[in-house]
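Subject: Handover of a structure, with notes on what was found

Dear colleague,

I am passing on the structure below, together with an account of what turned up when it was examined. Please read the notes with the model open beside them.

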Amino acid sequence: MIRASTCFPSPKHDHFSKFKATHKAFSPTIQYVQCNKGVLMTENQQVFKETLFQFEDYMVEKAKRVNEALDEAVPLRHPLKIHEAMRYSLLAGGKRVRPMLCLASCELVGGDESVALPMACAIEMIHTMSLIHDDLPCMDDDDYRRGKLTNHKAFGEETAVLAGDALLSLAFEHVAVCTAGVSPDRVVRAVAEMGAAVGSDGLVAGQVVDIASEGQEVDLRELEYIHVHKTAKLLEAAVVCGAIMGGGETVDVERMRRYARCVGLLFQVVDDILDVTKSSEELGKTAGKDLKTKKATYPRLMGLEKAREFADKLVAQAKGELSHFDSSKAAPLHGLADYIAYRQN
């Protein structure tokens, strides 16, 4: 089992300590100041450091819960090799941002974590599948992921493809079999949301256009299409499915959808920034690949500073959607938006 403490930066890291305490409330009308690490840091966030909600503790608690559930969901059994390959990538650490978004969204609308945990695990299974397939030689051709050899390097290409397929299939099975205390119509709605996020109108669409755009001149509109579908759609599904499982009303589910779209795009903008500002050792994967392959990225099309400004706008828009909810229940989602914006890997 992966220890939760290995999944996150130590509180000794300067960038993390700045954001481990997050908000009781938030106003989107704020003054921005330059921050040496990450993207930008707000003056409000400096003040919010003293608030009661400890985001680092929240992350560790939720990651531990998710890791335990994932470990139970994929036990070692026959055929041994495929289950070893599935566990190798699924339990390789990672920040567990998507499952945490799912659980936090469920709790925001009044649901209990337990009703959304199978969905949170399913979202992480799908995310892991996408990473395994994305790293393949026929795709992005990466040798390292999360500081380890990629799945196809450890188990061979054939097994890696099948491990990804098995995780995708298991995600839907896991939700159907393990979800309890949720009405069948809500489970069906959530499963449909999850399926749309990963299919030809979601993650696959973004991946196809991304591959086709390599070496081509791509404008900002097309770049946004790629990342809304390739990255943001799954984050959106995590949030929306959590709200559905938690019993959220339609108006609240749609507010959470808008929050998630901003956060999902933010994730990719920051990923692009980190690719050109961090080393492979810091990222746990190959750095500078986008530049070498002349891939369209936000820093390349907008410039690094404009990309950082765009990230700040997305953070403010995401938090604006949270202003409609109880501030104490929304605190984890404020913190997750900050974590995504200011992460260092």
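The notes below begin with the overall make-up, then turn to two helices, the empty spaces and a few backbone details.

Please keep in mind throughout that this is a predicted model. The protein contains 17 helices and 4 strands, and of its 345 residues, 58% are buried. Among contacts with a separation of 6 or more, 75% are made by residues that stand 24 or more positions apart in the sequence.

Helix α11

The helix that received the most space in these notes is α11, which covers residues 220–245. At 1.5 Å a residue, its 26 residues should span 38 Å, and the 35 Å between its end C-alpha atoms agrees with that expectation. The helix nevertheless carries a kink of about 50°, centred on Ala 232. Because 19 of the 26 residues of α11 are buried, the helix is largely enclosed by the rest of the structure. Just after α11 comes Gly 247, whose phi is positive at about 90°.

Two residues of this helix were looked at individually. Leu 220, which belongs to α11, has a relative accessible area of 38% and is therefore classed as partly exposed, since that class runs between 20% and 50%. Leaving aside residues up to four places away in sequence, Leu 220 touches Tyr 298, Leu 301 and Met 302. Leu 220 also lies 8.9 Å from Ala 296, C-alpha to C-alpha, although 76 residues separate the two in sequence. His 229, also found in α11, has a relative accessibility of 12% and so counts as buried, the limit being under 20%. With the same exclusion of residues up to four places away in sequence, the contacts of His 229 are Asp 201, Gly 202, Leu 203, Ala 205 and Gly 206.

Helix α10

Some of those contacts lead to α10, which comprises residues 203–213 and in which Leu 203, Ala 205, Gly 206, Gln 207, Asp 210 and Ser 213 are buried. The cover over these buried residues includes α6, α9 (184–198) and α11. Leu 203, which lies in α10, is buried with a relative accessible area of 10%. Apart from residues up to four places away in sequence, Leu 203 touches Ser 130, Ala 197, Val 198, His 229, Lys 230 and Leu 234. The C-alpha atoms of Leu 203 and Ala 232 are separated by 8.4 Å, with their positions 29 residues apart along the chain, and Ala 232 is the residue on which the kink in α11 is centred. Just after α10, Gly 215 has a positive phi of about 80°.

Pockets and cavities

The second largest pocket holds about 170 Å³ of space. Its lining is formed by Arg 65, Ala 69, Glu 72, Ala 73, Ser 114, Leu 117, Pro 118, Cys 121, His 174 and Cys 178, and at least two lining residues come from each of α3 (55–73), α6 (113–134) and α8 (157–178). Sorted by class, the lining of this pocket has 6 nonpolar, 2 polar and 2 charged residues.

The structure also holds 3 cavities of 30 Å³ or more, and the largest cavity has a volume of about 110 Å³. Of the 13 residues that line the largest cavity, Ser 89, Ala 92, Arg 145, Leu 149 and Asn 151 lie nearest its centre. The elements that give two or more residues to this lining are α4 (80–90), α6 and β4 (148–149), and α6 gives the most, with 3 residues. The lining of the largest cavity divides into 5 nonpolar, 4 polar and 4 charged residues.

Backbone details

Three places in the loops may be worth a look on screen. His 78 and Pro 79 are joined by a cis peptide bond with omega of about -5°, and Pro 79 sits in the loop between α3 and α4. Arg 96, in the loop between α4 and α5 (97–108), has a positive phi of about 55° although it is not a glycine, and this residue is buried, with a relative accessible area of 1%. Arg 146, in the loop between β3 (144–145) and β4, likewise has a positive phi, near 55°, in a residue other than glycine, but Arg 146 is partly exposed, at a relative accessible area of 25%.

With best regards

Key. Residues are numbered from 1 along each chain as its sequence is written. This is a predicted model: local features need pLDDT of at least 70, side-chain atom pairs count only at pLDDT 80 or more; totals for chains, interfaces and linings use all residues. Side-chain values use heavy atoms; hydrogens and water are left out. The expected span of a helix is 1.5 Å times one less than its number of residues. The bend at a residue is the angle between axes fitted to the seven residues ending there and the seven starting there. Buried means under 20% relative accessible area, exposed over 50%, partly exposed in between (1.4 Å probe, protein chains only). On a 1 Å grid over the protein atoms alone, a cavity is a set of points where a 1.4 Å probe fits but cannot get out, and a pocket is an open set with protein on both sides within 12 Å along at least five of seven lines; lining residues have an atom within 4 Å of a point. Grid points are joined across faces, edges and corners, and a volume is the space filled by probe spheres set on the points. Ala, Val, Leu, Ile, Met, Phe, Trp, Tyr, Cys and Pro count as nonpolar, Asp, Glu, Lys and Arg as charged, and the others, Gly among them, as polar. Contact means heavy atoms within 4.5 Å.
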